[in-house]
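Visitor: I'm new to reading protein models, and I'd like to know what stands behind the words people use for them. Can we take one and go through it together?

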Amino acid sequence: FAAEWLTQLEKTEIRWSKVIKTVQDLLPTDTLTQKPRVAIISYSGVAGGKLTLNAQTIGGSVDPFGDVSTLLNVFNSSLYFRDGYVPSISHGLTQTGQDLLSFVFNVTYDEQMPTTITTPIQTPMQVPVSAAKVPRTK
């Protein structure tokens, strides 16, 4: 019985450290600076691979709403995640007056897929905001 239970546990176990690494590897980067366009502030995960990420755009971004849209497109196109959406988003300013968006990003990790990425993902600088599932509020 114990061996069967361990086998079942191993099949459903999620290695959260690998999930977090995969999230970090998938974050869209600026093509010029190679720095992430979005910062993940905190992670919360539950059984079944559901993740809630508190995130914010980087101050000084030319198109912070486009950065959120790109994040959604990258994760929803990935082999590792599905059902990404942003249920809430807040607009603010940095201390120097630059636009900054803080938002919640919900996404589901697909437990059946591998958890390593061998090729860095490059994203274009501009993505139409209309493609995003993000309400545009001020």
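Guide: Sure, let's start with the whole chain: of its 138 residues, 36% count as buried. Keep in mind that this is a predicted model.

Visitor: How do you know how far to trust the prediction?

Guide: By its pLDDT: the mean for the protein chain is 79, and 72% of the residues reach 70 or more. Over residues 115-138, though, pLDDT stays under 50. The model does have 58 contacts beyond four places in sequence for that stretch. Still, where pLDDT is low, the predicted coordinates should not be read in detail.

Visitor: Fair enough. What is the chain built from?

Guide: Three helices and four strands. Starting at the N terminus, their order is α-α-β-β-α-β-β. Contacts reach far along the sequence too: among those between residues at least 6 apart, 65% join residues at least 24 apart.

Visitor: Let's pick a helix. Which residues of H2 are buried?

Guide: In H2, which spans residues 16-26, Val19, Thr22, Val23 and Leu26 are buried.

Visitor: What puts those four on the same side of H2?

Guide: Their arc around the axis is only 100°, and that places them on the same side of H2. The general idea is that an α-helix has 3.6 residues a turn, so residues three or four places apart point the same way.

Visitor: And what does that buried set pack against?

Guide: Quite a list: strands S1 (38-45), S2 (50-57), S3 (81-93) and S4 (99-109), plus helix H3 (64-77).

Visitor: S4 is on that list. Why is S4 said to be largely enclosed?

Guide: Eight of its 11 residues are buried, so the rest of the structure largely encloses S4.

Visitor: Take Phe103 in S4. Why is Phe103 called buried?

Guide: Buried means under 20% relative accessible area. Phe103 has 3%, so it counts as buried.

Visitor: What surrounds Phe103, leaving aside its neighbours within four places in sequence?

Guide: Its contacts include Val38, Leu53, Ala55, Leu71, Val86 and Ile89. Val68 is another of them. Phe103 and Val68 are 35 residues apart along the chain, and their C-alpha atoms are separated by 8.7 Å.

Visitor: Thr108 is in S4 as well. Buried or exposed?

Guide: Buried, because its relative accessible area is 6%, and the limit is 20%. Leaving aside neighbours within four places, Thr108 touches residues including Gly48, Lys50, Tyr80 and Asp83.

Visitor: How do you know that S4 pairs with S2?

Guide: Two strands pair if there are at least two bridges between them. S2 and S4 have seven, in the antiparallel sense, so they pass. One of the bridge partnerships joins Gln56 to Ser102 in S4.

Visitor: And how many bridges are there between S3 and S4?

Guide: Nine, antiparallel again. His91, for instance, has Leu101 in S4 as its bridge partner. S3 and S4 form a hairpin with five residues between them, and Gly97 in the turn has a positive phi of about 85°.

Visitor: I've heard about aromatic pairs. How many are there here?

Guide: Three. Take Phe75 and Phe81: their ring centres are 5.0 Å apart, with the planes at 55°.

Visitor: What makes that pair tilted?

Guide: Planes under 30 degrees apart would be stacked and over 60 edge-to-face, with the rest tilted. At 55°, the Phe75 and Phe81 pair is therefore tilted.

Visitor: Why is the pair of Phe75 and Phe105 called edge-to-face?

Guide: Their planes stand at 80°, which is over 60, so that pair is edge-to-face. The centres are 5.2 Å apart. Phe75 lies in helix H3 and Phe105 in strand S4, so this pair ties together parts that are 30 residues apart in sequence.

Visitor: Are those three rings buried or exposed?

Guide: Phe75 is buried at 0% relative accessible area, and Phe105 is buried at 0%. Phe81 comes out at 3%, so it counts as buried too.

Visitor: Which residues do the ring pairs link into a cluster?

Guide: Phe75, Phe81, Phe105 and Tyr109.

Methods:
Residues numbered from 1 in each chain as written. Predicted model: local features only at pLDDT ≥ 70, side-chain atom pairs only at ≥ 80, totals over all residues. Heavy atoms only, no water. Buried < 20%, exposed > 50% of the residue type's maximum accessible area, 1.4 Å probe, protein only. Helix = DSSP H or I, 4+ residues; strand = E, 2+ residues; numbered from the N terminus. Arc of directions from axis to C-beta. Contact = heavy atoms within 4.5 Å. Phe/Tyr/Trp six-rings, centres within 6.5 Å; stacked < 30°, edge-to-face > 60°. pLDDT = per-residue confidence, 0-100.
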